[in-house]
Amino acid sequence: PQPPDVLPNALTATSANLTWSCPLEKNYTVISYSVNVTLDKPNSVNADCIHGQNRSYYFTVPAYQRYLYISLVPFTSYSFVVLVYTTEGEGALSMPRLFTTLQAPPTSPLNFSASVLSYSSLLVSWSPPTCSNGKILGYTVTYTPSRGI
C-alpha cells in the first residue's frame with residue numbers, strides 16, 4: 001500500500017493531535033497503524049526538560065482509528081511518522097512531518113541573589129530557568145519597600 005498522509009497539529013504547549021489517512025486501495029484491508037513520535041532536535045531549547053519522559057513514543061493504533069492525542073513537552077520539536085499494516089503485510093512508511101508544541105510559561109529563574117550596594121540600591125542577579133518553555137522576552141523585577149523598625 002501507499003504510505004499514509006500525515007498531519008500533526010500542536011493544540012497546546014503539551015499536547016498535539018496527530019491525524020493520518022491512507023489511500024484507498026481495494027486489494028488489501030488495513031489491520032493497524034504504527035505511529036512513532038520522536039524528539040526531532042535533541043539539542044532543542046527544551047530538550048533538557050525531558051527528565052524521565054520518553055524521547056520517542058511508539059503506538060499501535062487499530063485500523064478504524066485515524067488520530068492520536070498525546071502529551072509532550074512545551075516548545076519542543078518532534079517528528080511524526082506512520083506505518084500501515086495490512087492483510088498483505090507492512091506498507092510504506094509515511095514521510096516524516098515536523099511540528100513544534102506551543103510555548104508555555106517558563107520555570108522559575110535560578111540562582112537568584114540580591115546584594116546591598118548602598119542605602120538606596122541593590123544588585124540583583126539570576127540565571128535563566130532550566131526550562132524556558134519558549135522564547136524569554138524579558139524579566140520583570142518587583143520589590144516591596146519594607147518599613148523601618
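How many bridges join β6 to β8? There are four, and the two strands run antiparallel. One of the residues involved is Phe80, whose bridge partner in β8 is Arg97. Keep in mind that we're looking at a predicted model here.

**The overall picture**

Stepping back, the protein chain has zero helices and ten strands, so to speak a plain run of β-β-β-β-β-β-β-β-β-β from the N terminus on. Of its 149 residues, 35% are buried. Take the contacts between residues at least 6 apart in sequence, and 62% of them join residues at least 24 apart. The accessible surface comes to about 9800 Å², with 55% of that belonging to carbon and sulfur atoms.

**Around β6**

Back to β6, which covers residues 77-86. This strand is mostly covered, with nine of its ten residues buried. Its pairings with β3, β7 and β8 look like this:

| Strand pair | Sense | Bridges | A bridge pair |
|---|---|---|---|
| β3 and β6 | antiparallel | nine | Ser34 and Leu83 |
| β6 and β7 | antiparallel | three | Leu83 and Leu93 |
| β6 and β8 | antiparallel | four | Phe80 and Arg97 |

Leu83 turns up twice: this residue is the bridge partner of Ser34, and it also stands opposite Leu93 in β7. The link from β6 on to β7 (residues 89-93) is a hairpin through two residues.

Thr86 belongs to β6 too. Is this residue buried or exposed? At 5% relative accessibility, Thr86 counts as buried, because the cut-off for that is under 20%. Its side chain also reaches past the strand, coming to 3.0 Å from the backbone nitrogen of Glu88.

**The core**

Which residues touch the most other members of the largest nonpolar core? Trp20, Val37 and Phe80 do, out of 25 residues. At least two core residues come from each of β2 (15-21), β3 (30-39), β4 (56-62), β5 (67-71) and β6. The biggest share is from β3, which gives five. As a general rule, nonpolar side chains in soluble globular proteins tend to be buried together.

Val37 is worth a closer look. Leaving out residues up to four places away in sequence, its contacts include Leu18, Tyr57, Ile70 and Phe99. Val37 also touches Tyr78, Ser79 and Phe80, and Arg55 and Ser56 are on the list as well.

**A three-stranded sheet**

Elsewhere, three strands make an open sheet in the order β1-β2-β5, with antiparallel pairing. The edge positions go to β1 (5-10) and β5; each has a single partner strand, so one side of each lacks a neighbour in the sheet. On average, neighbouring strands here are turned by 20° against each other, direction ignored. Between β1 and β2 there are six bridges, again in the antiparallel sense. Within that pairing, Leu7 stands opposite Thr19 of β2.

**A loop residue with distant partners**

Finally, there's Pro106, in the loop between β8 (97-100) and β9 (110-118). Pro106 counts as partly exposed, at 45% relative accessibility. What does this proline contact beyond its neighbours within four places in sequence? The partners are Pro129, Cys131, Ser132, Asn133 and Ile136. With Ser132, the C-alpha atoms are separated by 4.5 Å, although Pro106 and Ser132 are 26 residues apart along the chain.

Key. Residues numbered from 1 in each chain as written. Predicted model: local features only at pLDDT ≥ 70, side-chain atom pairs only at ≥ 80, totals over all residues. Heavy atoms only, no water. Buried < 20%, exposed > 50% of the residue type's maximum accessible area, 1.4 Å probe, protein only. Polar contact = N/O pair within 3.5 Å; in protein donor to acceptor, adjacent residues only side chain to side chain. Core = buried A, V, L, I, M, F, W, Y, C linked by side-chain atoms within 4.5 Å. Contact = heavy atoms within 4.5 Å. Areas by Shrake-Rupley, 256 points an atom, 1.4 Å probe, with all protein chains shown as cover. Pairing = 2+ DSSP bridges. Axes fitted to C-alpha atoms, helices over the stretch in contact; angles between N-to-C directions.
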